[in-house]
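Student: Could we go through this model together, moving from its side-chain contacts to one of its helices?

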Amino acid sequence: MAQERRRSVGLPAPCILGIDLGTTSVKVALVEKTNKGPSLVASCTELVQADVPIKDPQLRENEQDVHGIIEALNSCLMTLSPAFTQRVCCIGVSGQMHGVMFWEAGKGGKWTESGSRWSFQPEKVSHLITWQDGRCSPKFLSSLPEPRSHLSVSSGYGCATVFWLLKNRPDFLAPYTAAGTIQDYVVAMLCGREKPQMSVQNAAAWGYFSSLDKSWNTTLLKDAGFPIHLLPEVVDSGDLAGETCQAWHRIAAGTKVGVALGDFQCSVYSCMSENSDAVLNVGTSAQLAVSMPPEFQPVESPDPNSPVQYFPYFDNRYLAVAASLNGGNVMATFVKMLVGWMAELGIEVSESTLYRPMIEAGLTFAETRLHICPTVFGERHAPTGLASVTAIAASEISLGQVIRALCRGVIRNLHSMLPSESLKDAGAKRIVASGSGLCRNEVMKQEVEAAFALPVVYGKVADAAVGAAYVMLKRNYGRTEPEGTSEVF
């Protein structure tokens, strides 16, 4: 045994490959286990050029060509050195939870070889109808049966989209015998599965799924004429889906593959060092999440007016999530408005040049009586409640005061959805904050620290690809950090 250990000294550590399939980009990340915890050794991001032209703008359709998404994935993997890919022992995959695509079981992809690399190409597949799809109007959604689930059904959710297709394009589904999210499809192709498995995370995000029973609302759906043969088998988040059926970009055949996960859950997992961490991300939109105690179970009746939803997480736990539609996009809209006004006055300036002076102006005012409700994009729980400005006085209309009030409004709106008291009740002891809309804006940081009665730490970046790798790293190696530093891994 001693001789065997001596031979292993110096050998490269195995790697976990994490993949995130987004609507705007695909990212891959390679993570390895070290004595100090998981370490990122390589990554690549590729923009997705796959948007399908809209045929009828009134339907608000949003579709992507699956070939373009897989092309971006292949491009990412091509950048990784074989020295890394040959060390991959496990693959974790995440992606947009609500979208849906269809394919012919057993004929969804074809494996091809090029330059000693094997990859699969989509065949017999539909477009991906993304989570941003708006074809299911409020009137149409109200005509659907009430789900037996703690989550409501919205446009862009897989089951709602199938219902819409049944009513409006009844011949569309005829060629297809399998359905799933884009990440479910990729895992099925890698494992050579005719039909996909789906994690509890993705199933809950499709609608008509009881996360308490871990089962589809089969009877309800069947009575409504839903093609239940398209529903994937559901397994626990973090389970293995199988093994690669073919060497893939020099990753060995027989490599373990995890069942596909939700991108939001993986993003949270990537930066939640403790289960007592709340995670705040301000990017284009804004999200605040906290892991609920192990005994928590949501009430199985949707409340569309609630600003907080409970997403299945890992190990039968739930995330309480306030997902605001208003984050960094509020600042971007304000900047765009300023640029437009200046152009009307004959002054040409780029949007990028305004951000820094605006933030510096906001920093000169610690207080203002000006009040901005920034919900210019509405909220899911209050779609008709738009933005407003009040307490306008002649002494309160400088650029700095407006910026201060705007940043304060964004954070207080999020705080109203999931306040400090609720975070503490769930066991949160601090807030881990990230996102370009926050970390590049010192005014926004100050408002976070003022609004939330919890310590705020910065530095960790929410990254779904890294999170997917961390999940599989835990499943393969158990604890991956020095004893006593974390409850998550």
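Tutor: Let us begin with a loop, bearing in mind that this is a predicted model. I392 has its place in the loop between β23 (388-390) and α12.

Student: Is I392 buried or exposed, and what is its relative accessible area?

Tutor: I392 belongs to a nonpolar patch on the surface together with V389 and I397, and the three have about 300 Å² of accessible area together. Exposed means over 50% relative accessible area. I392 therefore counts as exposed, its relative accessible area being 57%.

Student: E396 lies in that loop between β23 and α12 too; which residue does its side chain meet in a salt bridge?

Tutor: E396 is buried, with a relative accessible area of 8%, whereas the partner is exposed at 58%. The partner lies in the loop between α11 (355-363) and β22 (371-373), so the pair ties together parts that are 27 residues apart in sequence. The N to O distance is 3.1 Å, and the residue that meets E396 is R369.

Student: Which residues are joined into one network by salt bridges that share partners?

Tutor: R135 forms a salt bridge with D133, where the closest N and O atoms are 2.7 Å apart, and R135 also meets E61 in a salt bridge at 3.7 Å, N to O. E61 lies in the loop between β3 (37-47) and β4 (63-64) and R135 in the loop between β9 (128-129) and α4 (138-142), so this pair ties together parts that are 74 residues apart in sequence. Salt bridges with shared partners join into one network the residues E61, E63, D133, R135 and R169.

Student: Over the face of which residue does R135 lie?

Tutor: R135 is buried, with a relative accessible area of 4%. Besides its salt bridge with D133, R135 lies 5.0 Å from the centre of a ring, over its face, and that ring belongs to W164.

Student: The rings of F264 and F311 form a pair; what is its geometry?

Tutor: Both residues are buried, with F264 in helix α9 (residues 263-271) and F311 in strand β20 (residues 309-312), 47 residues apart. The ring centres are 5.9 Å apart and the planes stand at 85 degrees. Planes over 60 degrees apart count as edge-to-face, so the pair of F264 and F311 is edge-to-face.

Student: How many of the 19 residues of α12 are buried?

Tutor: Helix α12 (residues 399-417) reaches 27 Å from its first C-alpha to its last, close to the 27 Å expected. The helix is largely enclosed by the rest of the structure, because the number of its 19 residues that are buried is 16.

Key:
Residues are numbered from 1 along each chain as its sequence is written. This is a predicted model: local features need pLDDT of at least 70, side-chain atom pairs count only at pLDDT 80 or more; totals for chains, interfaces and linings use all residues. Side-chain values use heavy atoms; hydrogens and water are left out. Rings of Phe, Tyr and Trp (its six-membered ring) pair if their centres lie within 6.5 Å; planes under 30 degrees apart count as stacked, over 60 as edge-to-face and the rest as tilted. Helices (H or I, at least four residues) and strands (E, at least two) are DSSP runs, numbered from the N terminus. Buried means under 20% relative accessible area, exposed over 50%, partly exposed in between (1.4 Å probe, protein chains only). A charge sits over a ring if NZ of Lys or CZ of Arg is within 6 Å of the ring centre and within 35 degrees of the ring normal. The expected span of a helix is 1.5 Å times one less than its number of residues. Patches are made of residues with over 30% relative accessible area and no salt bridge: like charges are joined within 9 Å, nonpolar side chains (Val, Leu, Ile, Met, Phe, Trp, Tyr) within 5 Å. Accessible areas come from the Shrake-Rupley method with a 1.4 Å probe; for residues, only the protein chains shown count as cover. A salt bridge is a side-chain nitrogen of Lys or Arg within 4 Å of a carboxyl oxygen of Asp or Glu.
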